[in-house]
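Have the coordinates open in your favourite viewer as you read. We will go from a pair of helices to a sheet, then to the cores, and finish with one charged residue.

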Amino acid sequence: SLMQLAVEMNMAVIKLNLSQIEELGDLVGFPFKEFEMVREDGAKRWVQETLMDTYLKNKFKPTGQSRMSHAAPEWIQGQQEGGFLILDDYTRADHRFMQATMELIDRQEYISWKLPKNWHIVLTTNPDNGEYNVTSLDIAQKTRFISVEAKFDVNVWAKWAEKAGIDGRCINFMLMHPEVVTSSVNPRAITTFFNSISSIEKFEEQLPLIQMIGEGSVGAEVSTMFTMFINNKMDKIISPQDILTNTNEAYVVGALNSAVGQGDSFRADISSVIATRIVNYSLTHAENSSVSDPMVSRLVKLTTDCDAFTDDLRYYMVKEIVNGNKVKFAKLMMNTAVVKMAVK
């Protein structure tokens with residue numbers, strides 16, 4: 001997201017939800033009147049009406065010239081070079097707000113104030129396809145910006161979900177069924193569903209409740225798929241935390257082999273899901289914690305001597321983990337078996 005990008009680039013970020021702003025001045029600043037004042041030595045100043053008494057006491061006199069100006073809005077006060085201005089729900093705003101931002105979007109300025117140098121404006125909105133309560137844009141508005149249609153990427157979502165603490169059972173479901181995200185069932189609705197059921201310890205004991213919550217958030221079709229996921233015991237797949245931290249290696253290997261099967265019963269889809277979870281958990285853990293030698297040893301085992309993963313998944317795990325944090329996972333590439341596998 002832009003919030004994350006701003007942090008990574010050490011840039012400021014301001015997010016304004018246009019559909020929630022009622023006063024136009026809160027967006028573009030309020031107008032005020034200025035009067036030209038001149039001193040005996042010829043010095044001239046443009047002075048706000050409220051400050052005229054102060055200047056009169058300091059031997060300034062009005063020249064008779066006046067003008068209207070706009071004060072910069074409160075949200076831009078004190079901002080320095082480099083930042084993002086996010087105008088959220090742009091086409092849900094009152095038409096006056098969309099009109100007022102046209103010059104701001106085109107030239108990054110509004111009458112008598114401008115954005116600081118190296119600021120970028122980003123608009124977010126739902127598509128104008130008849131399914132959303134939005135205002136259509138005309139050519140004059142559309143030609144002021146570049147439009148990009150954001151598409152769902154389950155792998156990007158899974159990385160975010162691991163960091164955000166989304167229930168691991170639900171992450172597995174999404175990785176196995178990314179097709180559930182459609183124009184009518186978006187990631188926000190699915191995340192709401194997952195967060196609503198995450199406190200249930202044993203899904204199989206609360207299927208009617210899960211079905212009810214699901215139908216009220218993501219619809220009957222997705223709810224039924226999730227119920228089948230539970231009935232097939234897919235929610236019981238060993239977690240990446242257990243895989244990497246459980247001291248009983250034999251148990252971990254056995255749980256992995258049991259989950260993915262063998263021979264003609266080998267489940268490549270489940271193996272791929274587990275590999276993705278291991279990568280995302282490893283990198284999330286390494287962000288704020290040290291990587292212990294036992295964890296490195298477990299990763300060596302998984303990527304060199306574990307039948308639950310094919311060679312391409314082993315390579316994928318090593319590549320993603322090492323590239324994701326070269327410092328904390330440097331020891332992984334010190335193992336000769338890992339290096340031999342990685343350079344095949």
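At what angle do helix α7 and helix α8 pack, and how far apart are their axes? Before answering, keep in mind that this is a predicted model. Helix α7, spanning residues 154–164, packs against helix α8, residues 168–176, at an angle of about 175°, and their axes are 10 Å apart. Angles over 145 degrees count as roughly antiparallel, so α7 is roughly antiparallel to α8. On the α7 side, the contact is made by Val154, Asn155, Trp157, Ala158, Ala161 and Glu162. Helix α8 contributes Ile171, Met174 and Leu175. By character, the residues of this contact divide into seven nonpolar, one polar and one charged.

Now turn to the sheet. Three strands form an open sheet in the order β1-β5-β8, with parallel pairing. Strands β1 (12–17) and β8 (119–123) stand at the edges; each has a single partner strand, so one side of each is left without a neighbour in the sheet. From one strand to the next, the twist averages 15°. If you zoom in on β1 and β5 (residues 83–88), you will find them paired in the parallel sense over six bridges. Within this pairing, Ile14 stands opposite Leu85 in β5.

What about the interior? In soluble globular proteins, nonpolar side chains tend to be buried together. Here, the largest nonpolar core has 66 residues, and the members that touch the most others are Phe194, Phe226, Leu256, Ile274 and Phe309. Helix α14 (residues 268–288) supplies the largest share of this core, eight residues. Apart from this core lies another, of 22 residues, which includes Ile14, Ile21, Leu87 and Ala93. You have already met Ile14, opposite Leu85.

Back in the largest core, Ile274 is a good residue to select. Leaving aside neighbours within four places in sequence, Ile274 is in contact with Ile237, Ile243, Leu256, Ala259, Val260 and Phe309. Two of these, Leu256 and Phe309, are also listed among the core members that touch the most others.

Finally, is Arg298 buried or exposed? This arginine sits in helix α15, residues 293–304. Its relative accessibility is 7%, and buried means under 20%, so Arg298 counts as buried. Beyond neighbours within four places in sequence, Arg298 is in contact with Asp242, Ile243, Leu244, Asn246, Thr247, Asn248, Glu249 and Val252. Ile243 is thus a residue to highlight, being in contact with Arg298 and also with Ile274.

Methods
Residues numbered from 1 in each chain as written. Predicted model: local features only at pLDDT ≥ 70, side-chain atom pairs only at ≥ 80, totals over all residues. Heavy atoms only, no water. Core = buried A, V, L, I, M, F, W, Y, C linked by side-chain atoms within 4.5 Å. Buried < 20%, exposed > 50% of the residue type's maximum accessible area, 1.4 Å probe, protein only. Helix = DSSP H or I, 4+ residues; strand = E, 2+ residues; numbered from the N terminus. Contact = heavy atoms within 4.5 Å. Pairing = 2+ DSSP bridges. Axes fitted to C-alpha atoms, helices over the stretch in contact; angles between N-to-C directions. Parallel < 35°, antiparallel > 145°, perpendicular 65-115°, else oblique. Nonpolar A, V, L, I, M, F, W, Y, C, P; charged D, E, K, R; others polar.
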